[in-house]
Amino acid sequence: MNPTMIQFFHWYSDGNSQLYDQIKNSTSYLKELGISAVWFPPAYKGAGGGYSVGYDPYDLFDLGEFDQKGTIPTKYGTKEQYLTACKTLQENGISIIADIVLNHKAGGDEKEKFHAVKVNPENRQENISEPFEIESYTKFTFPGRGEKYSNFKWNFHCFSGVDFAEGQEEGIYQIINDHGEGWEEMISDEKGNYDYLMYNDIDQRNPFVREELNNWGKWYHDQIHFDGVRLDAVKHQSPEFYKEWLYNLRANTGKNIFAVGEYWAPGELPLLEKYIEATEGSMSLFDSSLQHNFHVASLAGAEYDLRKIFDETLTLANPLLSVSLVDNHDTQPLQELEAPVEKWFKPLAYALILLRKDGYPCIFYPDLFGAHYTDKDKEGNDQEIFLDKVEKIEELLKARKYFAYGNQRDYFEDANCLGWIREGDGEHKGCAVVLSNKDAYDKPMEIGTQYAGQTFYDFLGWFQDKIIIDENGWGNFPVPAGNVSVWVPEN
């Protein structure tokens, strides 16, 4: 079966311990649609306690088990609910993708004094102060957990920078410690050096930190037996660290664990390729360039040349290490990297990631279930957002499950209408796909002489009329204006 991942959460997912139970109760539905892997949100206790989305990790060993940060469960549920959801999916042949956030920690238990230097936030290589003593929450003792699972206590030697200093102005303070001069080396010179992102930046040059994170990876795997990991904010972490961490994780578990990194660099394919090279192909990356193309195409409408949709994308350049997506929790409306794909274009975008041979598609929770939330916009005003379920998303997923197999032949000669066929393989019939960002079209395409005389119908249900493939294996496949059609054999 074709692999398909779902990100089963978004930035505003319901709290009150409901999400894990929703995942468990959706197992049969996901399996029916051909979903083969579920990407869970970060499962450990965040500094925000029961309100934390999970990207402000406080205690990696607290999966909703200990009374810390004002709550026992995380926003999504208790450890018991988490384990039950994972087990239910795995018993039904669906893999678990765990969200791994190792760039930073937040919500320290105690303050410490140490020396630091303030840096220019737009060029972190530029010091804007002399070294001086500051005080910040860099000591993590985990009083609610004690020493269960690990007796490691974090202190300022474990971090390279902080964004809080008692009595000082807001800014970025580079910690002066024994584990290396300055920031860790990154592959890009964005902001001088983009090692620092937020909170207490973990210094992965510290050998004791690396040992603790390696031990934690094995421990975490042994709790839920995950099959893959989604690595947060790899843009801000040394490629050397994750190359080592993944090697140890795979060696210590005896599993070839799948990994996908979040290196968000829309329109900057060379950076994605450079990171893959630096990590020696040990992880896939999300195709932020393709998502950017979808966003731009959805805004431009008929002015966009669809023949360029895969230009400068990882899916085109390195399909085996590309995880393709239409939207995620960072691009959704009211988020900092907001770049959503317009509603009308989403069926086209999903056809492009689900029904072609290249890339590993990841669908986004609101696109399958819808979402409703309120947050502040860039001007600070409350804004209510309604995200509808994508039209025909279930049919597109089932078309991937049943028909998107075999050789692919492209018909990309028209700027406003793309088509391709999948011939099928020994076990599956094929399909013909047509999409338009302008008018209704009829697209002549060769599906193959093995289908000569067979009747094809529109799997998405736009057309009642059927098509008979001629003796040379050709058919004339229509598509509605600004939409997508998927044609499959009747039998």
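Student: Where does the charged end of Lys-69 sit?
Tutor: Over the ring of Tyr-58, 4.5 Å from its centre. Bear in mind that this is a predicted model.

Student: And the charged end of Lys-105, which ring does that sit over?
Tutor: The ring of Phe-140. The distance to the ring centre is 5.3 Å.

Student: Which residues are linked into a cluster by ring pairs?
Tutor: Tyr-58, Phe-140, Phe-142, Phe-152, Trp-154 and Phe-159. So both rings under those lysines belong to the cluster: Tyr-58 and Phe-140 are members.

Student: How many aromatic pairs does a search of the whole structure find?
Tutor: It finds 43. One of them is Trp-183 with Tyr-196. Their planes are 50 degrees apart, with 6.1 Å centre to centre, and the pair is tilted.

Student: Where are Trp-183 and Tyr-196 in the chain?
Tutor: Both are in the loop between β11 (172-175) and β12 (200-202), 13 residues apart.

Student: Is Trp-183 buried or exposed?
Tutor: Trp-183 is buried, because its relative accessibility is 7%. Tyr-196 is buried as well, at 2%.

Student: What about Phe-241 and Tyr-242, why is that pair tilted?
Tutor: Because their planes are at 55 degrees, and tilted covers angles from 30 to 60. The ring centres are 5.0 Å apart. Both residues are buried.

Student: New topic. Which residues does the UniProt "active site" annotation cover?
Tutor: Asp-232 and Glu-262, according to the unreviewed UniProt entry. They are spread over 31 residues of sequence, yet they cluster in space, with a largest C-alpha distance of 5.4 Å. Both are in the lining of the largest pocket.

Student: Where is Asp-232 placed?
Tutor: In the loop between β13 (228-231) and α5 (239-253). Asp-232 counts as buried, at 7% relative accessibility.

Student: What is Asp-232 in contact with, leaving aside neighbours within four places in sequence?
Tutor: Tyr-55, Asp-99, Ile-100, Val-101, His-104, Gln-237, Tyr-242 and Glu-262. Tyr-242 also pairs with Phe-241, as above.

Student: And where is Glu-262?
Tutor: In the loop between β14 (258-261) and α6 (269-278). Glu-262 is buried, with a relative accessible area of 9%.

Student: Which residues does Glu-262 touch, not counting those up to four places away in sequence?
Tutor: The list includes Asp-232 and its sequence neighbours Arg-230, Leu-231, Ala-233, Val-234 and Lys-235. Phe-286 and Asp-330 are also among them.

Notes. Residues numbered from 1 in each chain as written. Predicted model: local features only at pLDDT ≥ 70, side-chain atom pairs only at ≥ 80, totals over all residues. Heavy atoms only, no water. UniProt positions renumbered as here; feature names shortened; annotations may be inferred. 1 Å grid on protein atoms, 1.4 Å probe; cavity = no way out; pocket = protein on both sides within 12 Å on 5 of 7 lines; lining within 4 Å. Helix = DSSP H or I, 4+ residues; strand = E, 2+ residues; numbered from the N terminus. Buried < 20%, exposed > 50% of the residue type's maximum accessible area, 1.4 Å probe, protein only. Contact = heavy atoms within 4.5 Å. Phe/Tyr/Trp six-rings, centres within 6.5 Å; stacked < 30°, edge-to-face > 60°. Lys NZ or Arg CZ within 6 Å of the ring centre and 35° of its normal.
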